[in-house]
Amino acid sequence: MLPVMHRSTWLPEVFNDFFNTDFMSKANATAPAINVIETEKEYLVELAAPGMKKEDFDIRINQSGDLNIKMESKREKEDKNEKAHYLRREFSYTKFEQTLILPDDVERQNIGAKMTDGVLTISIPKVVKAEVETSRIINVE
């Protein structure tokens, strides 16, 4: 017969159910969803980042010429109630880093980014190629 294992926690289960609400949500350890779209003129990278601000992002081209996206957010709710003490206190911390290898046909100096409605959109313009005239008249000398 196997021994019965009991959880040894000082905080009763009823408190876990009480505090695990939308008001005190748990930290999410998953990476944000990324979409990459190609058009005739550009590549668009969309990164889902609800609740983030543009100040939470660091986007740069690294020494290898690749696009590096860093996202970091640390939020802490501070209570000034001196008559109460914490039974449970959770902080929100989010960190994400992704490096995308850029193709050779992009204008690295014209890459732009904007944050709208919880979605970071990075615009990566393609190099405009001058069209070469393929048909022409050859004069006989």
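# Exercises on charged residues, a sheet and a core

E38 is exposed, with a relative accessible area of 54%. The model used in these exercises is predicted.

**Exercise 1.** Find the residue that shares a salt bridge with E38, and state where the two partners lie in the chain.

Solution.
1. The side chain of E38 meets that of K126 in a salt bridge, with 2.6 Å from N to O.
2. E38 belongs to strand β1, whereas K126 sits in the segment after β7; the pair links distant parts of the chain, 88 residues apart.
3. Buried means under 20% relative accessible area, so K126, at 13%, counts as buried. Exposed means over 50%, and E38 has 54%.

**Exercise 2.** Place E38 and its strand in the sheet.

Solution.
1. The open sheet has four strands in the order β1-β2-β7-β6, paired antiparallel.
2. Its edge strands, each pairing on one side only, are β1 (34-38) and β6 (112-116).
3. From one strand to the next, the twist averages 15 degrees.
4. Five bridges join β1 to strand β2 (residues 42-48) in the antiparallel sense. Opposite E38 stands Y43 in β2.

**Exercise 3.** How many salt bridges does a search of the whole structure find, and which residue pairs with R60?

Solution.
1. The search finds two salt bridges.
2. R60 forms one with D58, where the closest N and O atoms are 2.9 Å apart.
3. R60 counts as partly exposed at 48% relative accessibility, and D58 counts as partly exposed at 27%.

**Exercise 4.** Decide whether D66 is buried or exposed, and describe its surroundings.

Solution.
1. D66 lies in the loop between β3 (57-61) and β4 (67-75).
2. The relative accessibility of D66 is 14%, so D66 counts as buried.
3. Leaving out residues up to four places away in sequence, D66 touches R60, I61, T99, L100, I101 and L102. The C-alpha atoms of D66 and T99 are separated by 6.6 Å, although the two are 33 residues apart along the chain.
4. D66 has no salt bridge: R108, the nearest side chain of opposite charge, is 5.2 Å away, and the cut-off is 4 Å.

**Exercise 5.** Describe the largest nonpolar core and the contacts of I124.

Solution.
1. The core has 16 residues; I124 is among those with the most contacts inside it, as are L47 and F57.
2. Two or more residues come from each of β2, β4, β5 (92-100) and β7 (119-125).
3. Beyond four places in sequence, residues touched by I124 include Y43, V45 and L67.

Note on methods: Residues are numbered from 1 along each chain as its sequence is written. This is a predicted model: local features need pLDDT of at least 70, side-chain atom pairs count only at pLDDT 80 or more; totals for chains, interfaces and linings use all residues. Side-chain values use heavy atoms; hydrogens and water are left out. Buried means under 20% relative accessible area, exposed over 50%, partly exposed in between (1.4 Å probe, protein chains only). Contact means heavy atoms within 4.5 Å. Two strands pair if DSSP finds at least two bridges between them. Axes are lines fitted to C-alpha atoms, for helices over the stretch in contact, and angles run from 0 to 180 degrees between N-to-C directions. A nonpolar core is a set of buried Ala, Val, Leu, Ile, Met, Phe, Trp, Tyr and Cys residues joined through side-chain atoms within 4.5 Å. Lys and Arg count as positive and Asp and Glu as negative; His and the chain ends are not counted.
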